[in-house]
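Here's a walk through one protein chain, written for someone who would rather think about side chains than file formats. Have a look at the fold, then read on.

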Amino acid sequence: MFGRGIVVALVAGAALTACDRPGPKESYSALPATPEPVSGDGLVLRWRMTGGIAGLGGPGTMPEFSLYGDGRAVAGGKEYRLRPEALRRLLADARAAGLARPRSVDSPEVSDALVLQIRFQGATTKVAQPNEHGGLPAVRFWKRLDPRGWPASDQAAPARAYTPARLAVLTGELADQSAYGRPWPYAPLGKGVPAAGGRCTVLTGKDAGAAQRLAGQGDRWRSEGKVYSVRLRPLLPDESTCADLTRS
């Protein structure tokens, strides 16, 4: 059996060791919680994952989840519809989780950390390595934002494929201009505006629908004698121009 003095020393030593380990560092914005009211069909809640070794969430990538004031949600290429009462419950739970006030939870000991970003009515919460902070209210709430698990009774309609009204065409001129590229059938690729690390144009209407079918034909296209890499990015309901890709 350990003597009393030895036990005290062991406990104290364990406490010091625990204190030496770097842990999560949480900071709060000095700004008060001033949530914007839900009105119309504007964006009210969005989350995306960034960082990590793979560099998630790069320029122009789509957020994993977006929710709008009319109950519409877009996630994983599908569109969902929440009933009004289910939407009100979800937003009330977001406020209860503290998401109406900006905050940040860091993990200094992790390089290339994954960072969860939740935007709620104008306030942004950031949590590094969220799966290691499962006890945080913000992380517990985030784990509910997978529409595939929402009860059918909360949904006003079955899920369907998301069909965007606008499609962003993101391009970059290839260094190897001898590469093969199919003729691009729409506006010249070199005349887009700078956005998301390349050039960007927006297609609407029938052109947007038709261009999406080109995705299966490869990502190299020729336009006005030059070869470009092309990435098609559906615009979300709160996005209408190339500039919106840097604000989502």
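What follows goes from the overall make-up to the cores, the strand pairing, the salt bridges and the aromatic rings.

**The big picture**

Before anything else: this is a predicted model. The protein chain has four helices and 15 strands. Of its 248 residues, 38% are buried. The chain exposes about 13900 Å², and carbon and sulfur atoms supply 55% of that area. As for contacts in the chain with a separation of 6 or more, 68% are between residues 24 or more positions apart.

**Two cores**

Which residues have the most contacts inside the largest nonpolar core? They are Leu45, Trp47, Phe65, Leu67, Leu99 and Phe141, in a core of 29 residues. Several elements give two or more residues to this core, including strand E2 (43-51), strand E3 (65-68), strand E5 (78-82), strand E7 (114-120) and helix H3 (137-142). Helix H2 supplies the largest share, five residues.

There's another core too, lying apart from that one. This other core has eleven residues, and Leu167, Trp184, Ala208 and Leu214 are among them.

Back in the largest core, Phe141 is a good residue to click on. Leaving out residues up to four places away in sequence, Phe141 touches Leu45, Leu90, Asp93, Ala94, Ala97 and Leu99. Two of these names, Leu45 and Leu99, also appear in the list of residues with the most contacts inside the core.

**Strand E10 and its partners**

Now for strand E10, residues 166-173. E10 runs antiparallel to strand E13 (residues 198-204), and six bridges join the two. To find the pairing on screen, start from Arg166, whose bridge partner in E13 is Thr204.

E10 also pairs with strand E15 (residues 226-234), again in the antiparallel sense, over seven bridges. Here a handy marker is Ala168, whose bridge partner in E15 is Arg233.

**Salt bridges**

The count comes to ten salt bridges. Three of them are set out here.

| Pair | N to O distance | Relative accessibility |
|---|---|---|
| Arg148 and Asp146 | 2.9 Å | Arg148 69%, Asp146 30% |
| Glu173 and Lys226 | 3.9 Å | Glu173 48%, Lys226 38% |
| Glu239 and Arg233 | 2.8 Å | Glu239 2%, Arg233 2% |

Are Glu239 and Arg233 buried or exposed? Glu239 has a relative accessible area of 2%, so Glu239 is buried. Arg233 also has 2% and is buried because that value is under the 20% cut-off. So this salt bridge, with its closest N and O atoms 2.8 Å apart, joins two buried side chains.

Arg148 and Asp146 give another picture. Arg148 is exposed, since its 69% is over the 50% cut-off. Asp146, at 30%, is partly exposed.

Glu173 and Lys226 form a salt bridge with closest N and O atoms 3.9 Å apart. This pair ties together distant parts of the chain: Glu173 is in strand E10 and Lys226 in strand E15, 53 residues apart. Those two strands are also paired by bridges. Glu173 and Lys226 each count as partly exposed.

There's also a network of salt bridges, which links Asp70, Glu79, Arg81 and Arg160.

**Aromatic rings**

A pair of aromatic rings is described by the distance of the centres and the angle of the planes. The structure holds five aromatic pairs. In one of them, Trp47 and Trp142 sit edge-to-face, at 5.6 Å centre to centre with 85° between the planes. They come from distant parts of the chain, with Trp47 in strand E2 and Trp142 in helix H3, 95 residues apart. Trp47 counts as buried at 13% relative accessibility, and Trp142 is buried at 11%.

Another edge-to-face pair is Tyr80 and Trp150, at 6.3 Å centre to centre and 70° between the planes. Tyr80 is in strand E5, while Trp150 is in the loop between H3 and strand E9 (155-161), 70 residues apart. Both are buried.

Which residues do ring pairs link into a cluster? Phe65, Tyr80 and Trp150. Phe65 is also one of the residues with the most contacts inside the largest nonpolar core.

Notes
Residues are numbered from 1 along each chain as its sequence is written. This is a predicted model: local features need pLDDT of at least 70, side-chain atom pairs count only at pLDDT 80 or more; totals for chains, interfaces and linings use all residues. Side-chain values use heavy atoms; hydrogens and water are left out. A nonpolar core is a set of buried Ala, Val, Leu, Ile, Met, Phe, Trp, Tyr and Cys residues joined through side-chain atoms within 4.5 Å. Buried means under 20% relative accessible area, exposed over 50%, partly exposed in between (1.4 Å probe, protein chains only). Contact means heavy atoms within 4.5 Å. Two strands pair if DSSP finds at least two bridges between them. Accessible areas come from the Shrake-Rupley method with a 1.4 Å probe; for residues, only the protein chains shown count as cover. A salt bridge is a side-chain nitrogen of Lys or Arg within 4 Å of a carboxyl oxygen of Asp or Glu. Rings of Phe, Tyr and Trp (its six-membered ring) pair if their centres lie within 6.5 Å; planes under 30 degrees apart count as stacked, over 60 as edge-to-face and the rest as tilted.
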